[in-house]
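Visitor: I've just pulled this one up on my screen. Could you walk me through it with a few questions and answers?

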Amino acid sequence: MSMSTLSWSALAEEVLRGHQLTVEEGLSILHSSDDELLDVMSAAFKIRRQHFGKTVQLYQLMNAKSGLCPEDCGYCSQSKVSDAEIPKYNFLSRDKLMEGAKVAAERDVKTYCIVISARGPNEREMKAVETIVPEIKEKYDLKICACLGLLSPEQADRLKACGVDRVNHNVNTSADYYQKICSTHTYEDRIDTLNAVKNAGLEMCSGGIVGMGEADEDVVKMALELRDLGVHSIPVNFLNPIDGTPLEGLGKDLSPRQCLRILAVYRFANPSAELRIAGGREIHLRSLQPLGMYAANSLFLGDYLTTPGQTAEDDYKMLEDLGFSITKTEEVSVGSA
């Protein structure tokens, strides 16, 4: 479609009727003027509201194993090429993971994410997950998302069997740009893991990081690749350039307004997917964070893996001010939202 003759609202209507966003349309959103920004966000909200009403789903991360990773992902403070000062520890005890789950349940969180830094889980880590997940689910009303690195089909089947609901494995950027941020594994390795997750009957959670030096085309292509994979839940991170990592000087050109356009692209490209504003939202969206919720319908609550987030109380207040409600269910009554 030619954006010269099509309003953002009309494009949203086309998407709701089944049109799949093109690269050209995605780039038009990214390149739209500041004068059009509220129109773009209003159109994104039209799509969001159709599928999710004015509800928001909350996630909480638990960094179950920090640092000590043999991979060389350029954005990551836990990689072997990072000199960042971070805590380094092996798999957390049962008590610490249960304590984190208790906090998540008290905060009205829907999904508790257990994350380890690794190329993939070893047998001891797999058994630890298989032991703790049933305990958490028996005691608390939480969904469990596991982020354990590259997985074999057999490992994905084991996660499904022990009660894991969803696996996060981000593609991180477009297929074309991936080799610029990591050399110790490939984009195809990540796709293989997502296919193993899908074949095991687990929900796929996969997104990426914007601001790593990629072109606008890469931002749009990643959104469309996630759509084509059929990803259920998409976290969009804005690069927090951590000192000591290879990408420490990047991400500075991400204005709050451009971050909103990026979120709009991901909503237009993935109309029914859960879209989550993830790491870096506080430093890049800044005072425009509330506007991001007109495209996204999910938030990480509290801290990220090795960087702090804003307080849960501030997030609750932001959602209250927007007139949005927190939900733990996929069933949304749009008409009454």
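## A walk through pockets, cavities and core

Visitor: Let's start with a pocket. How do the residues in the lining of the second largest pocket divide into nonpolar, polar and charged?
Guide: Keep in mind that this is a predicted model. Sorted by type, the lining of the second largest pocket splits into six nonpolar, four polar and three charged residues.

Visitor: And how much space lies in that second largest pocket?
Guide: It has 13 lining residues, and those closest to its centre are Gly211, Glu214, Asp216, Asp253 and Leu254. Helix H8 (216-229) and H9 are the elements that give two or more residues to this lining. The space in the second largest pocket comes to about 190 Å³.

Visitor: Now the closed spaces. Which element gives the most to the lining of the second largest cavity?
Guide: Two cavities of 30 Å³ or more turn up here, and the second largest holds about 30 Å³ of space. Its lining is made of Asn172, Thr173, Ser174, Ile209, Val210, Glu214, Asp218, Val219 and Met222. Strand S6 (208-210) and H8 each give two or more residues to that lining. The top contributor, with three residues, is H8.

Visitor: How do the residues lining the second largest cavity divide by type?
Guide: Glu214 and Asp218 are among the residues of this lining, and Asp and Glu count as charged. The full split for the second largest cavity is four nonpolar, three polar and two charged.

Visitor: Asn172 is on that cavity list. Is Asn172 buried or exposed?
Guide: Asn172 sits in the loop between strand S4 (166-168) and helix H7 (187-199). The cut-off for buried is under 20% relative accessible area. Asn172 has 2% relative accessibility, so the loop residue counts as buried.

Visitor: What is phi of Asn172 near?
Guide: Most residues other than glycine have a negative phi. Asn172 goes the other way, with a positive value. Its phi is near 75°.

Visitor: Arg286 also has a positive phi. Is Arg286 buried or partly exposed?
Guide: Phi of Arg286 is near 50°. The residue is found in the loop between helix H10 (281-284) and helix H11 (289-292). Its relative accessible area is 46%, so Arg286 is partly exposed.

Visitor: Leu288 is in the loop between H10 and H11 too. Which residues does Leu288 touch, leaving out those up to four places away in sequence?
Guide: Leu288 is partly exposed because its relative accessible area is 23%. Its C-alpha atom is separated by 9.3 Å from that of Cys259, which is 29 residues apart along the chain. Leaving out residues up to four places away in sequence, Leu288 touches Pro256, Arg257 and Leu260.

Visitor: On to the inside. Which helix supplies the largest share of the largest nonpolar core?
Guide: That core has 97 residues, and those with the most contacts inside it are Tyr112, Ile136, Val164, Phe238, Tyr266 and Phe268. Nine of the core residues, the largest share, come from helix H9 (residues 256-269).

Visitor: How many residues are in the second, separate core?
Guide: Tyr59, Cys113, Cys145 and Cys205 are included in that core. Cys145 is also touched by Tyr112, a residue of the largest core. The second core has nine residues.

Visitor: How far apart are the C-alpha atoms of Leu58 and Tyr112?
Guide: Leu58 lies in strand S1 (residues 55-65), and its 0% relative accessibility is why Leu58 counts as buried. Among the residues Leu58 touches are Thr111, Leu299, Tyr316 and Ile326. Leu58 and Tyr112 are 54 residues apart along the chain, and their C-alpha atoms are separated by 9.0 Å.

Visitor: Where is Thr131 found, and is Thr131 buried or partly exposed?
Guide: The C-alpha atoms of Thr131 and Cys162 are separated by 7.9 Å. Thr131 is found in helix H5 (residues 123-139). With 49% relative accessibility, Thr131 counts as partly exposed.

Visitor: Last one, for the whole protein. What percentage of the residues count as buried?
Guide: The secondary structure comes to 12 helices and 10 strands. The protein exposes about 13,700 Å², with carbon and sulfur atoms supplying 48% of that. Of the 337 residues, the share that counts as buried is 58%.

Terms used. Residues numbered from 1 in each chain as written. Predicted model: local features only at pLDDT ≥ 70, side-chain atom pairs only at ≥ 80, totals over all residues. Heavy atoms only, no water. Core = buried A, V, L, I, M, F, W, Y, C linked by side-chain atoms within 4.5 Å. Buried < 20%, exposed > 50% of the residue type's maximum accessible area, 1.4 Å probe, protein only. Helix = DSSP H or I, 4+ residues; strand = E, 2+ residues; numbered from the N terminus. Contact = heavy atoms within 4.5 Å. Areas by Shrake-Rupley, 256 points an atom, 1.4 Å probe, with all protein chains shown as cover. 1 Å grid on protein atoms, 1.4 Å probe; cavity = no way out; pocket = protein on both sides within 12 Å on 5 of 7 lines; lining within 4 Å. Points joined across faces, edges and corners; volume = space filled by probe spheres on them.
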